[in-house]
Amino acid sequence: MRGGLVEEAENLFDEMPDRNVVTWNTMINGYFKNGQKEKAFGLLGSIPNPDIYTYNTMISGLVQSGDLFGARKVFDKMDSRDVVTWNSIIAGYVHKGMIDEAMQLFHEMPLGMRGRDTVSWIVMVSGLAKEGRLVEAHELYEQMPLKDSHASNSLIAAYIRIGELGRAENLFHKAEQKDYDSWRQLINGLVTCGRLSDALSLYLEAPEKCHTTWNLLLLKLMENGAPKPVHALLEKLPYGDIVSWTNIIVGYFRAGEVGAAVSLFYSMRSLDVTLCNVMICGLGENDLKEEGVKLFMMMKESELSPDKATFTSILTICSELPALCLGEQVCAQSIKTALNHTIEVCNAMITMYARCGNMTSALRCFSSMPTHNVISWNSIISGFSHHGLGPQALEMFEEMRFSDVKPNELTFIAVLSACSHAGLVEKGKYYFDYMKDECFLQPTAGHYTCIVDLFGRFGLIDEAMSFIDQMRADGLEVPVSVWGAILGACRVHRNVEVGAVAAENVLAIEPNRSGTYMILAEIYASVGRLNEVERVLTQMKKNGVKKQPGCSWIEMNDGGSVFLSGDKSHLEFDRIVEPLEVLHVDVELMSVGSDQNLVQSCWHSG
């Protein structure tokens, strides 16, 4: 029966020449263990001399299978009952939430059978506490002849749950018996309520140390201050494990103390996959992506096997560099480990391929997924939108509308951006209204930026300004991105008046943004207002704002290189420029227009 071989047990039972009550009870218990309560019921009627254990087995089995009505029928037919019988039926009522019925049986329980045992009291106190009837639970607890830790723990947990931490503390300190859970529950309650100093003191007093509680306490301490004091505490006390040290590293990354996180990581004697994942993710988020890649390579050379979090983090780094060649290698490795079927890794692969410009592979990866979540859809729609493939992006969105996945705010950022790049003004307005009226999503600054950019691209400056008014009416502050979109549109369509307003608003938020001065000067130059050009450039110099050089990140077979505009000191400069010289490409003439040349002339002459 224990092995689930019910038919074999039945055959053996049928072949037995003599059976006793133990044999019958074993069969009944086995039927319940294997989910066959009907056969147990049927067998009960065949037993020549059932004993009290037989009935107790039936009641316990029926209660555990959820048949409280059947258990009560057996209970009521019994001529004699013991404490196990009463405890079983009372526990059944408590489990069903029928506390009043359980309480009635508890009081009916004869005191002649050694009285109510500890189990009866624990069941009732715990049941009342779970239902929030704490006054009754506490009164019953006080009447207990022997106050067991399970009963007091139930009350402590209930008091903590409703925020009555003071009562929980009083009960804890008065309790005659305390076990591991007693200490753990109260310490966790103190941590949750923010009484971290008291929690630390109590933890140090506890006879047994719970590592999970200790790590929770460390996390809360770091949230309320810098990670260094917590690190020092961990160094002094011997309770830490690798999870503790991982949490300290997380704290350092969150505080922006990347150097301390890296130093601690390389000082550790043992590593695990979770710790390496934290490092790769932290390095990637703190502009040390190349270091994150190196750590991933180190993992490959060690005995640590990357998991889905590892692949997700490193693919995210590849998408942000961007590094298609490395990303493809990572994808290949995820396929070898069969982790490419997880939705998190698939989403990271789609994003990586999309940001690296390989939309064919991104779409292939998306189509191969058995299921999609909102991140999957957003990644593929954003990829098409980012590369100017508006119709494909909107086609994917229409497919999403017929799926079970509901779009979110980021979905519509991608959709509206696709409309902007594709010049679909009416579609843009439709989807903006659809987002508000059908999906009940409140537009954010990002959505308004997309719409303003869409109108601005086609010279609909007045409509764009109307949307800014609507944005203000919705209670949103107009961000620099929206004014930047207006400024860009005015540059293209030579709208001097609105362009000046937009530039003024941009500079009010970001006064050191050199590009804004240059664009405004170019707008004035395009209509021949050279005095205004000179005034803008003079103001720029007066404010100490300098033009920022352009920057490019170039991926080659053996790695990547960063180049600043006008910088010839890079070791790879000749290697990069030589092919351009062979092709006689005049970069400057290709990139600078007549109005820009005029502004440049004014800049240098000024």
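Is Cys210 buried or exposed? Cys210 counts as buried because its relative accessibility is 8%, where buried means under 20% relative accessible area, exposed over 50% and partly exposed in between, with a 1.4 Å probe and protein chains only.

The model is predicted, so local features need pLDDT of at least 70 and side-chain atom pairs count only at pLDDT 80 or more, while totals for chains, interfaces and linings use all residues. Residues are numbered from 1 along each chain as its sequence is written, and side-chain values use heavy atoms, leaving out hydrogens and water.

Cys419 is also buried, at a relative accessible area of 0%. Cys419 takes part in no disulfide, and its nearest cysteine sulfur, in Cys450, is 9.2 Å away. Zero disulfides (pairs of cysteine sulfur atoms within 2.5 Å) are found in a search of the whole structure.

The chain holds 36 helices and two strands. Both are DSSP runs numbered from the N terminus: H or I of at least four residues for helices, E of at least two for strands. Of its 606 residues, 44% are buried. Contact means heavy atoms within 4.5 Å; among contacts between residues at least 6 apart in sequence, 55% join residues at least 24 apart.

UniProt, in an unreviewed entry, places the feature "repeat: PPR" at several spans, including 117-151 and 444-478. These positions follow the numbering used here, feature names are shortened, and annotations may be inferred rather than shown by experiment. Two of the spans are listed below.

| Span | Helix | Strand | End C-alpha separation |
|---|---|---|---|
| Residues 117-151 | 74% | 0% | 13 Å |
| Residues 444-478 | 74% | 0% | 10 Å |

Helix α12 covers residues 180-192, and its end C-alpha atoms are 18 Å apart, in agreement with the 18 Å expected for 13 residues at 1.5 Å a residue; the expected span is 1.5 Å times one less than the number of residues. At the N-terminal end, Asp179 caps α12 through a side-chain oxygen 3.1 Å from the backbone nitrogen of Asp181. Gly194, with a positive phi near 85°, follows α12. Among the buried residues of α12 are Trp183, Leu186, Ile187 and Leu190. The buried residues of α12 pack against α10 (149-161), α11 (165-174), α13 (196-205) and α14 (211-223).

The largest nonpolar core has 179 residues, and those touching the most other members are Ile89, Ile90, Leu155, Trp214, Ile249, Ile380 and Ile381. Such a core is a set of buried Ala, Val, Leu, Ile, Met, Phe, Trp, Tyr and Cys residues joined through side-chain atoms within 4.5 Å. Leaving aside residues up to four places away in sequence, Ile380 touches Ile350, Met359, Ala362, Leu363, Phe366 and Met396.

Note on methods: Polar contact = N/O pair within 3.5 Å; in protein donor to acceptor, adjacent residues only side chain to side chain.
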